[in-house]
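Reader: Got a minute to walk me through this one? I'd like to start with how the pieces are named.
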Amino acid sequence: MALAIDDVRRVAQLARLRIEDAQAAPMLAELNTILHLIGEMQAVDTSGVEPMSHPRDVAQRLRADEITEPDRRAALLALAPRAEAGLYLVPKVIE
Amino acid sequence: MFQLGIAETARQLAARAFSAVELTQHFLDRIRRHNARLNAIITLDEARSLAAARTADEHIARGKAGSLTGIPILHKDIFCANGWRTACGSRMLENFVAPYDAHVVSRLEAAGTVILGKTNMDEFAMGSSNETSWFGPVRNPWRTSAVPGGSSGGSAAAVAARLALAATGTDTGGSIRQPAALSGVCGLKPTYGVASRYGMIAFASSLDQAGPIATSAQDLALMLNAMAGFDARDSTSLERAAEDYARDLERPLRGLRIGLPKEFFSDAVQPEVAAAVEAAIGEYRRLGATSVEVSLPNMHLSIPVYYVLAPAEASSNLARYDGVRYGYRADAFDDLVDMYERTRAEGFGAEVKRRIMIGTYVLSHGYYDAYYLKAQKIRRLIATDFARAFEQCDVIMGPTSPTTAFELGSRTSDPVQMYLSDIYTIAVNLAGLPGLSIPAGFDAAGLPVGLQSIGNYFAEARLLNVAHQYQRATDWHRRVPADFAG
């Protein structure tokens, strides 16, 4: 199933990746090459086969609902591109 | 001093033949002299390394040395190490200083290792040549116009050039074994779930696994002893009793059954690689092993399956890089969404974007069953192929990579051609099995050939035994690239 240029723009938007107009066509060609490679899967009969998500078929482990992390707010906020008064700063979203 | 290997170095440290500080200084000097030609190491902190070495010397003096006390190692830059810049080969994390240790890093620190620095890698571990790194490509010590393989290319090249005794790596589709093969060193990917993924920057979580890169199977065993172990902070970590991965090293190979998958010995293999692998199998027969042809009929599907599962999981894992909490943020933008989109467009390189796009597409509305679920079903068929093969043999052998190291730039224009470098390694990740690559000769141009051995689940000690016995009979693993032998 080959993509069209509008699909590239739609997927880029879903992925929050800005794609300049000049990049869209080369990206389309690359993605279609990879999708062609992936397409080989569709010929395989997988009826009755259980999907495999963990090689040992281990289910997600549960743990007690306890606080395990110490408060490291200052150290973690220091990693942010912009922070102020204990908060992450982002562009205004509500006028 | 740089050619002793871990076990002998530990003995000499204990005997006070040299101190941990002298040893660390020796490797830091080698790095200063040689790294510029390789670009294998991208972060150094000499004062910190020497301080760790002084602590190691104190432990040795007080008789409190652990298995790896004073052993200088490098960490792939995918592992968070508290206080160390951890960039994962990406502009996105160029200035990120990790605020905590990965489980593997803390385990190796507890065992006494000295961190020399962090190694270059393909961006977010996506690549097979170490050319997608924001920090520039790594060069192969055997021929600096060639790639070292990837994504753990910096770790493999550094160990090959003897800039450290060992290094950590990660392997999602071959990223330990393929660079080990192309750089002429040893690399082990354990069974999925043996080493914790906590603090290892996530690429494809159902495939990612940490492992060691070193110059001998014995050293891999000593490293894995420190790296492996249950960790409640990784939800896929397996709860198993600790084991000594060196326990079977000296076991004779008489009666070992080697399975040779016919799919591994096709025309796609460079003839010199095939010849070296066949010579290695011949050596194993002399050591008492027998061989049997086996088949992995779905192996050709491993690349299509991988390029659904890995990008899908990557697109989800990499959604966290939004320019808000840490990492890169674009300078100029109109609003919040524009900030996300420009941050990610500027912070990620071309290969990472390609995989995010593929992953986002295959997970988008209406396509999940046709791609992700289908791939997970074929993944089970591939795992079942291995289970059948292991009914007839103890270990599966073949080439690690279809070719020796290729020239820088020769495959960057064709992503699919690059993906084919991992044709013999990816199926092992999909099945979650342990796999190992060791040097087994050279091609006519003097580039190393890797022999891959694949074991059943939790057969790491057996794989290391099989590799160690070969290394007692041969000396390929002791060869040092001429430009780095001094």
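Author: Sure. Helices (H or I, at least four residues) and strands (E, at least two) are DSSP runs, numbered from the N terminus. With that in hand, here's a spot to look at: α7(B) is followed by Gly229(B), whose phi is positive, near 140°.

Reader: And the numbering and the origin of the model?
Author: Residues are numbered from 1 along each chain as its sequence is written, while chains are lettered from A and ligands numbered from 1 in the order in which they are written. This is a predicted model, where local features need pLDDT of at least 70, side-chain atom pairs count only at pLDDT 80 or more, and totals for chains, interfaces and linings use all residues.

Reader: What's the mean pLDDT of chain A?
Author: The mean is 92, and 99% of the residues of chain A reach 70 or more. pLDDT is the predictor's confidence in each residue, from 0 to 100.

Reader: Where in chain A is confidence lowest, and where is it highest?
Author: Lowest is helix α3 (residues 73–77) of chain A, at a mean of 94, and highest is helix α1 (residues 5–14) of chain A, at 97.

Reader: Back to α7(B). How many of its residues are buried?
Author: 11 of the 11 residues in helix α7 (residues 217–227) of chain B are buried, so the helix is largely enclosed by the rest of the structure. Among them are Asp219(B), Asn225(B) and Met227(B). Buried means that 20 or more other C-beta atoms lie within 10 Å of a residue's own; 12 or fewer makes it exposed, in between is partly exposed, and C-beta atoms are placed from the backbone.

Reader: OK, strands. Which strands does β2(B) pair with?
Author: 5 bridges join β2(B) to strand β3 (residues 114–119) of chain B, and the two run parallel. There are also 2 bridges from β2(B) to strand β4 (residues 166–170) of chain B, again parallel. Pairing here takes at least two DSSP bridges between two strands.

Reader: Which residues face each other?
Author: Leu74(B) stands opposite Gly117(B) in β3(B), and Ile73(B) has Ala166(B) in β4(B) as its bridge partner.

Reader: What sort of unit do β2(B) and β3(B) make with helix α4?
Author: A right-handed β-α-β unit, with helix α4 (residues 103–110) of chain B as the helix. Right-handed means that, with the strands pointing away from the viewer, the path from the first strand over the helix to the second runs clockwise.

Reader: Are the faces of β2(B) covered or open?
Author: Both are covered: Pro72(B), Leu74(B) and Lys76(B) are buried on one side, as are Ile73(B) and His75(B) on the other.

Reader: Switching topic: any odd backbone geometry?
Author: As background, most residues other than glycine have a negative phi, and most peptide bonds are trans. Arg16(B) has a positive phi near 60° and sits in the loop between α1 (5–14) and α2 (20–38) of chain B. Ala125(B) also has a positive phi, about 70°, in the loop between β3 and α5 of chain B. Then there's the peptide bond from Gly150(B) to Ser151(B), which is cis, with omega near 10°.

Reader: Arg16(B) and Ala125(B): buried or exposed?
Author: Arg16(B) is exposed, because 10 other C-beta atoms are within 10 Å. Ala125(B) counts as buried, because it has 30 C-beta neighbours inside 10 Å.
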